[in-house]
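Trainee: Could you walk me through how to read a model like this one?
Mentor: Gladly. Let us look at it together, feature by feature.

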Amino acid sequence: MSDKREDAKKRAILLKQLREAHKETVAHAQEKLKAQQAVRRDICKLMREEPKTVPEVAEASGIPAHEVLWHITAMKKYGLVVETGMCGEYYLYQRVKDGKK
Amino acid sequence: MKNLQVDALVVGGGIAGMQSALDLADQGFHVALVEKEASIGGKMISLSKVFPTLDCCSCITTPKMSAVAHHENITLLTYCEVVALEQNGASYRAQINKKPRYVNEESCTGCRLCEYACPLDLPSAFDMGLGAQRVIRVPFSTAVPQKAVLDIDNCILCGKCENVCPVADCIDFTQTAVTFEIHADAIVLATGFELTPTDAKAEYGGGKLRNVVDALTVERFLAPTGPYGHVLRPSDGKEPESIAYVQCAGSRDISLGVAYCSRICCMYAIKQAMLLSGALPLADITIYYMDIRTFGKGYEQFYQNARAMGIEFVRGKVARIHEDAAQNPVVRVEQIDDGSVVEREHDMVVLSVGMLPSYNPGLIYNVPVAADDGFVAQSAANISPCLTYQPGIFVAGTAAGPMDIVDSIVMAGAAAAETAAYLEERRAVGMAGNGRSPQTTSVKEVSYA
């Protein structure tokens, strides 16, 4: 057990050192992640209760429709959003209820 | 990484490189296949269906990818590039740079737990930026090898992937590039092609107008593994009701410096139009063309079938494309049949982009390219199209010039035969670098029953 703890400690130290060594790229990626999480929060809030189309989400959130589509596509790929049917020429998407994100 | 001694080095893991490697390996020659990407499969693995048979592209490509990976005479080296080449007597010594995957290739099981744990999504180049991939991921669902690769430049080094990885010490953030050598008696260049950049012709608005896309993007829309799972337009996810193709958007255009015909665009546009008619039965599909070139076996019939299906063919050169307030592309075209100039609105416009040379082997291989098109120069194009101006270096597939999949496969087989004959000849005069002789017993028996 103590070996495992020791290993975990070593790994944490190594990661810290690597983060320092890759300071610039890590900072840039962290910014990207923060922005992505903020946008996703807004998008998911709108699709949590009932399914929405891309233009509906875009209009309600103020996020450009092509960006909304990209985020929904990404979340759909990793099982966080599902397609529930169609409304006219647009597909309807809903946030998965037991998703962790 | 140990140095390797092989009979032939195949550069490029697209359909031509894979076919050449398999044909040589089946004859008992030892082959090293070097691919710069993290998976083999080339452009073909991203396509939906092939013309004119409309067979599933994945169903043709994945068995070949798998055969390459499992062939006892093929050493598959992905994420590797030839960075230098020296002539070593009558053979070649290639210096290979293996880029770091930050994942142990031996122990990774391809379970993708790391991918699911990774918090950041990036645009996926495999899906032309319209789909997403994680910072650490298996390149695509049918990738060979099924091994993860980490993009260190976009990684926040949070360690979540490492925490969920079921294999000890598999993810290694400290991995660095390694260099090793391959000694080969012959080389097959199968370095493929690039597509004309979508924004090459400013008048068409590619890269600026969101609903003007290139044909490879539509291949991804039509493929079952595509980003949306449907055909949707990228600006807002609308299912398009009207789609137009602009032919020769990158070929036969002196203003772009491309005077030649790319040979595939007419057929892929017709194929995609047919597939779109199936996917979107109510959609109107128009092809704006100068002339239709359907020269292969069964191609003309395929074109006639498309006409009979109701696909509209408008003879005319598109002058420019702009968009209206609803982001619908508006095509301005001079119709050759009556000389009228019209503007027509569509939901999505597809540019039938052409083929450009992707790699100049002059510097490393000392193999010249043709002055007129930039593809690998063939020393005897009419009688031995796989020969280059460098003895022992052969060319296969679209590295030699624009051609379709069928022709690439045929040329790859021819390159393998030329290479085999060259290797045998060298053995006969005692010049073989590794002294091995082909295991003739491994040649497959052919039944004509």
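Mentor: Let us begin with a definition: two residues are in contact if their C-beta atoms, placed from the backbone, lie within 7 Å. Keep in mind too that this is a predicted model.

Trainee: In chain B, what share of the contacts with a separation of 6 or more comes from residues 24 or more positions apart?
Mentor: In chain B, such residue pairs account for 69% of the contacts with a separation of 6 or more.

Trainee: Which radius of gyration does chain B have, and what should I hold it against?
Mentor: Hold it against the value for a compact globule with 449 residues, which would be near 22 Å; chain B has 23 Å, so the two agree. Along the principal axes, the C-alpha atoms of chain B fill a box of roughly 70 × 60 × 50 Å. For burial, count a residue as buried if 20 or more other C-beta atoms lie within 10 Å of its own; by that count, 50% of the 449 residues in chain B are buried.

Trainee: How is chain B divided into domains?
Mentor: Domain 1 takes in 4-99 + 177-192 + 358-442, domain 2 covers 113-164, and domain 3 covers 196-355. The centres of domain 1 and domain 3 of chain B are 33 Å apart over C-alpha atoms. Where these two domains of chain B touch, 12 residues of domain 1 meet 18 residues of domain 3. The domain 1 side of that contact has 6 nonpolar, 3 polar and 3 charged residues.

Trainee: How do I read a sheet, and what is the strand order in the one of 7 strands in chain B?
Mentor: Follow the pairing from one edge to the other. This open sheet of chain B runs E12-E18-E13-E14-E15-E16-E17, with mixed pairing. Strand E12 (212-214) and strand E17 (341-345) of chain B are the edge strands, each paired on one side only. On average, neighbouring strands of the sheet are turned by 40 degrees against each other, direction ignored. Inside the sheet, strands E14 and E15 of chain B run parallel and are joined by 4 bridges; Thr286(B) has Glu312(B) in E15(B) as its bridge partner.

Trainee: Which strands does helix H5 of chain B lie across?
Mentor: Helix H5 (residues 215-222) of chain B lies across E12 and E18 of chain B, running at about 85 degrees to E12(B).

Trainee: And between the chains, how many residues does each supply to the contact?
Mentor: Chain A gives 25 residues and chain B gives 26. Among the elements of chain A that each supply at least two residues to its side are helix H1 (2-21) and strand E2 (90-95). That side of chain A has 14 nonpolar, 6 polar and 5 charged residues.

Methods. Residues numbered from 1 in each chain as written. Chains lettered and ligands numbered in written order. Predicted model: local features only at pLDDT ≥ 70, side-chain atom pairs only at ≥ 80, totals over all residues. Domains from an automatic or database assignment. Nonpolar A, V, L, I, M, F, W, Y, C, P; charged D, E, K, R; others polar. Rg over C-alpha atoms; globule rule 2.2 N^0.38 Å. Buried ≥ 20, exposed ≤ 12 C-beta atoms within 10 Å, placed from the backbone. Pairing = 2+ DSSP bridges. Axes fitted to C-alpha atoms, helices over the stretch in contact; angles between N-to-C directions.
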